[in-house]
Amino acid sequence: MTKIILEKLDDPESIPQDQLEEVWGDPWQHARLLADLERTRGLVDFLARHAPGKRVVEVGCGTGLLSCIAARMGASSVVGIEPTRRYVDAQRLVEASGLSDTVTILHGRVEDFEPGQADLVFSELLNADPFAEGVVPAMRAGAAWLAPGGLLAPGELELHVALVAAADVDAEATGAAEIVTELGRTWNLNVRPLLETLEATPARTTSASWVELRSAPVLALRVPLGVPERHVESVELDLFASQKGRVCGAVLWFSARYDAELVLANPPQEPGHWGLLVTCWPRAMSLEEGERVRVRVDLREIPGVAVVPV
Ligand SMILES: C[S@@+](CC[C@H](N)C(=O)[O-])C[C@H]1O[C@@H](n2cnc3c(N)ncnc32)[C@H](O)[C@@H]1O
């Protein structure tokens with residue numbers, strides 16, 4: 001059973017410019033995601049299906065490669081929007097490729113510009129923490145560029161959750177309490193206040209490269225993109241242990257539908273360059289097969305997504 005709690009929050013702040021620069025100003029971050037061939041080929045094939053003859057907007061064009069590929073495929077015009085210093089690479093790529101008549105690179109966030117008219121507005125603002133790159137406000141602003149009948153891609157995010165027995169990062173959370181206890185015992189220190197602080201502090205959410213699942217995945221939420229309404233901020237749902245044993249937290253992943261053929265996703269079996277978002281609980285649980293764990297999925301854009309037992 002899924003219970004959805006609607007909470008009204010203040011408008012989420014947008015991600016500070018220095019944070020964007022720190023991550024996406026680095027050309028090697030772009031190299032990393034371009035090298036995720038399944039992702040990059042998926043996007044190129046998607047453009048081959050939709051860009052020819054169309055007015056295209058790329059929200060967050062980074063190096064400008066996909067914008068220029070869309071132009072080579074026959075897009076009638078392309079606007080690539082990039083807020084970091086990488087826009088210079090994009091401009092150089094356009095000029096050096098002789099595409100200045102078709103491709104315009106704008107320096108800033110999509111939210112900063114008066115919308116023009118486009119038939120296709122697309123982005124890849126995905127992240128292990130699904131809202132960390134500001135996909136919700138950016139696609140809301142991107143949708144304002146769409147001419148009637150145009151395509152916004154992705155148009156929706158699905159968020160999935162499952163219990164986790166182990167991850168490459170869980171020892172940091174569950175192991176910390178054991179180490180603190182052991183140090184206290186060895187050196188005759190009363191570590192109770194420190195343990196209480198750890199327990200009272202929200203569970204640690206971090207990115208992992210692998211996890212061992214301990215429940216079937218549950219669809220936590222569908223988040224429509226490009227709509228004026230805010231998505232719900234918190235969802236409660238039940239997960240059932242698939243076998244007897246230890247559970248140290250939960251993993252959350254996204255799937256983003258671009259069209260009938262392209263869904264970009266980071267499922268535990270194949271998370272791609274995005275990695276996985278794991279919430280490691282301060283205390284691991286011992287569960288029987290089929291035992292129920294009720295969790296709350298906090299889907300805040302800031303400070304981020306977390307899955308905690310309730
Ligand atoms: C994951 S990269 C994708 C780059 C390119 N679209 C690709 O798929 O290879 C996301 C890019 O979006 C940019 N970005 C982040 N927020 C944005 C916003 N609000 N408006 C426009 N671009 C944004 C980042 O600076 C970054 O270059």
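Colleague: Before we start, what makes a residue count as buried or exposed here?

Modeller: This is a predicted model, and we count the C-beta atoms around each residue. A residue is buried if 20 or more other C-beta atoms lie within 10 Å of its own. At the other end of the scale, it is exposed if that count is 12 or fewer.

Colleague: Okay, let's try that on N188: is it buried or exposed?

Modeller: First find it: N188 is in the loop between α7 (170-186) and α8 (192-200). Its phi is positive, about 50 degrees, although N188 is not a glycine. Now count: 6 other C-beta atoms lie within 10 Å, so N188 is exposed.

Colleague: And the chain as a whole, how is it divided into domains?

Modeller: The chain has eight helices and 16 strands in total. These sit in a chain that is split in two, into domain 1 (7-155) and domain 2 (158-168 + 203-309).

Colleague: Which element gives the most to the side of domain 1 that touches domain 2?

Modeller: The C-alpha centres of the two domains lie 27 Å apart. Across the boundary, 29 residues of domain 1 are in contact with 27 residues of domain 2. On the domain 1 side, the elements giving two or more residues are α2, α3, α6 (135-143) and β6. With six residues, the one that gives the most is α6.

Colleague: How does the radius of gyration of the chain sit against the globule rule?

Modeller: The C-alpha trace spans about 75 × 40 × 35 Å along its principal axes. For 310 residues the globule rule gives 19 Å, and the chain is close to that, so it is as compact as a globular protein of that length. The radius of gyration itself is 22 Å.

Colleague: Which strand gives the most to the largest nonpolar core?

Modeller: That core holds 82 residues, and V161, V164, V251 and L252 touch the most other members. It draws at least three residues from each of domain 1 and domain 2. With nine residues, the strand that gives the most to this core is β7 (residues 156-167).

Colleague: What does V164 touch, if we skip residues up to four places away in sequence?

Modeller: V164 is among the residues that touch the most other members of the core. Its contacts include V211, E212, L213 and R214. Also on its list are V247, C248, G249, A250, V251 and V278.

Colleague: Which residues are closest to the ligand?

Modeller: The shell around the ligand has 13 nonpolar, four polar and seven charged residues. Elements giving two or more residues to this shell are α1 (17-24), α2 (27-34), β2 (55-59) and β3 (77-82). Of the 24 residues that surround the ligand, the closest are W24, G60, G62, R109 and E124.

Colleague: Now helix α4, residues 65-72: which of its residues are buried?

Modeller: Look at what packs over them: the cover includes α3 (37-50), β2, β3, α5 (87-96) and β4 (103-107). Just past the helix comes G74, with a positive phi near 105 degrees. The buried residues of α4 are L66, S67, C68, A70 and A71.

Colleague: Last one: is the peptide bond from A153 to P154 cis or trans?

Modeller: P154 lies in the loop between β6 (146-153) and β7. The omega of the bond from A153 to P154 is near -5 degrees, and the bond is cis.

How values were computed
Residues numbered from 1 in each chain as written. Predicted model: local features only at pLDDT ≥ 70, side-chain atom pairs only at ≥ 80, totals over all residues. Core = buried A, V, L, I, M, F, W, Y, C linked by C-beta atoms within 7 Å. Helix = DSSP H or I, 4+ residues; strand = E, 2+ residues; numbered from the N terminus. Domains from an automatic or database assignment. Contact = placed C-beta atoms within 7 Å. Near = placed C-beta within 6 Å. Nonpolar A, V, L, I, M, F, W, Y, C, P; charged D, E, K, R; others polar. Rg over C-alpha atoms; globule rule 2.2 N^0.38 Å.
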